[in-house]
Amino acid sequence: GESGEVIIEFGEEYFETGQSGMKPGMEKILKKFMPAYSKSLFANKETAEKIQSVEIVGYASPTYQGRYIDPSSLDKKDKEAVNYNLSLSFNRAKSIFGYIFDKSKMSYAHQKRIRAMTKVTGRSFLAEGAEKRDVANMNLKKYCKKYDCKKSQRVVIKFNMKN
């Protein structure tokens, strides 16, 4: 689309809770996705020349040690949770990065070109829509049942265009 943002759906094959190691099903999905994504990025020469960077962004669910953490919280008690989930989300994105640019695992058109323009970030919690959530005193089980914690855990690959 126009945003250049692609959410990779790994379904049940997503990272284990608190882990950043990829599962075999994730690898299989990336082996299909990256050649198609690469081809689409560079199919139109005019568009390809405007691509400034490709970004792999990892997200974790807004939970920590069995409780929901409000993504907008600045409370000192939530600092550890934010730091933990920030590291986890970055490590997940880095795991994807490592895999898609490992020539012994996969090879596709423009792999070297994309590698040179790729950056990896972790965004900790997906705060999208957090302001609409009634989470006061909500425990982890209730939060995850209502908002699906698995959907909060995602990896987004997007391209950024030059101005």
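The following exercises, each with a worked solution, concern a predicted model of a protein chain.

**Exercise 1. Overall architecture**

Determine how many helices and strands the chain has, and state in what pattern they follow along the sequence.

Solution.
1. The chain contains six helices and six strands.
2. Read along the sequence, these elements give the pattern β-α-α-β-β-β-α-α-β-α-α-β.
3. The chain has 163 residues, and 43% of them count as buried.
4. Among contacts with a separation of 6 or more, 76% join residues 24 or more positions apart.
5. The accessible surface amounts to about 9900 Å², with 49% of that area belonging to carbon and sulfur atoms.

**Exercise 2. Geometry of helices 1 and 3**

Compare the end-to-end span of helix 1 with the value expected at 1.5 Å a residue, and do likewise for helix 3. Then locate the bend in helix 1.

Solution.
1. Helix 1 covers residues 24-42, which is 19 residues, and the expected span is 27 Å.
2. From first to last C-alpha, helix 1 reaches 28 Å, close to that expectation.
3. Helix 3 has 25 residues and should therefore span 36 Å; its end C-alpha atoms lie 37 Å apart, in agreement.
4. The bend in helix 1 is about 25° and falls at Phe33, with the proline Pro35 following within four residues.

**Exercise 3. Burial and the nonpolar core**

Identify the buried residues of helix 1 and the elements against which they pack. Then establish which residues of the largest nonpolar core touch the most other members.

Solution.
1. The buried residues of helix 1 are Gly25, Met26, Leu30, Phe33, Met34, Tyr37, Ser38, Leu41 and Phe42.
2. An α-helix has 3.6 residues a turn, so residues three or four places apart point the same way.
3. The packing partners of these buried residues include strand 2 (51-60), helix 3 (76-100) and strand 6 (155-161).
4. The largest nonpolar core has 29 residues, and Ile96 and Ile100 touch the most other members. Helix 1, strand 2, helix 3 and strand 6 each contribute at least two residues to this core. Helix 1 provides the largest share, seven residues.
5. Both Ile96 and Ile100 appear among the buried residues of helix 3.
6. Beyond its neighbours within four places in sequence, Ile100 contacts Leu30, Met34, Ile56, Met106, Tyr108 and Gln111.

**Exercise 4. Contacts of Val120**

Find where Val120 is placed and which residues it contacts, leaving aside neighbours within four places in sequence.

Solution.
1. Val120 belongs to strand 5, residues 118-125.
2. Its contacts beyond those neighbours are Ile56, Phe90, Ala93, Lys94 and Phe97.
3. Val120 and Lys94 are separated by 26 residues in sequence, yet their C-alpha atoms are 6.2 Å apart.
4. Of these contacts, Ala93 and Phe97 are buried residues of helix 3.

**Exercise 5. Aromatic pairs**

Count the aromatic pairs in the whole structure and classify the pair formed by Phe10 and Tyr14.

Solution.
1. The search finds five aromatic pairs.
2. For Phe10 and Tyr14, the ring centres are 6.0 Å apart and the planes make an angle of 35°, a tilted pair.
3. Phe10 and Tyr14 are both buried.
4. Ring pairs join Phe10, Tyr14 and Phe15 into a cluster.

**Exercise 6. Backbone and exposure of His110**

State what is notable about the phi of His110 and assign its exposure class.

Solution.
1. Most residues other than glycine have a negative phi.
2. His110 is not a glycine, yet its phi is positive, about 70°.
3. His110 sits in the loop between helix 3 and helix 4.
4. Its relative accessibility is 32%, so His110 counts as partly exposed.

Technical notes. Residues are numbered from 1 along each chain as its sequence is written. This is a predicted model: local features need pLDDT of at least 70, side-chain atom pairs count only at pLDDT 80 or more; totals for chains, interfaces and linings use all residues. Side-chain values use heavy atoms; hydrogens and water are left out. The expected span of a helix is 1.5 Å times one less than its number of residues. The bend at a residue is the angle between axes fitted to the seven residues ending there and the seven starting there. Buried means under 20% relative accessible area, exposed over 50%, partly exposed in between (1.4 Å probe, protein chains only). Contact means heavy atoms within 4.5 Å. A nonpolar core is a set of buried Ala, Val, Leu, Ile, Met, Phe, Trp, Tyr and Cys residues joined through side-chain atoms within 4.5 Å. Accessible areas come from the Shrake-Rupley method with a 1.4 Å probe; for residues, only the protein chains shown count as cover. Rings of Phe, Tyr and Trp (its six-membered ring) pair if their centres lie within 6.5 Å; planes under 30 degrees apart count as stacked, over 60 as edge-to-face and the rest as tilted.
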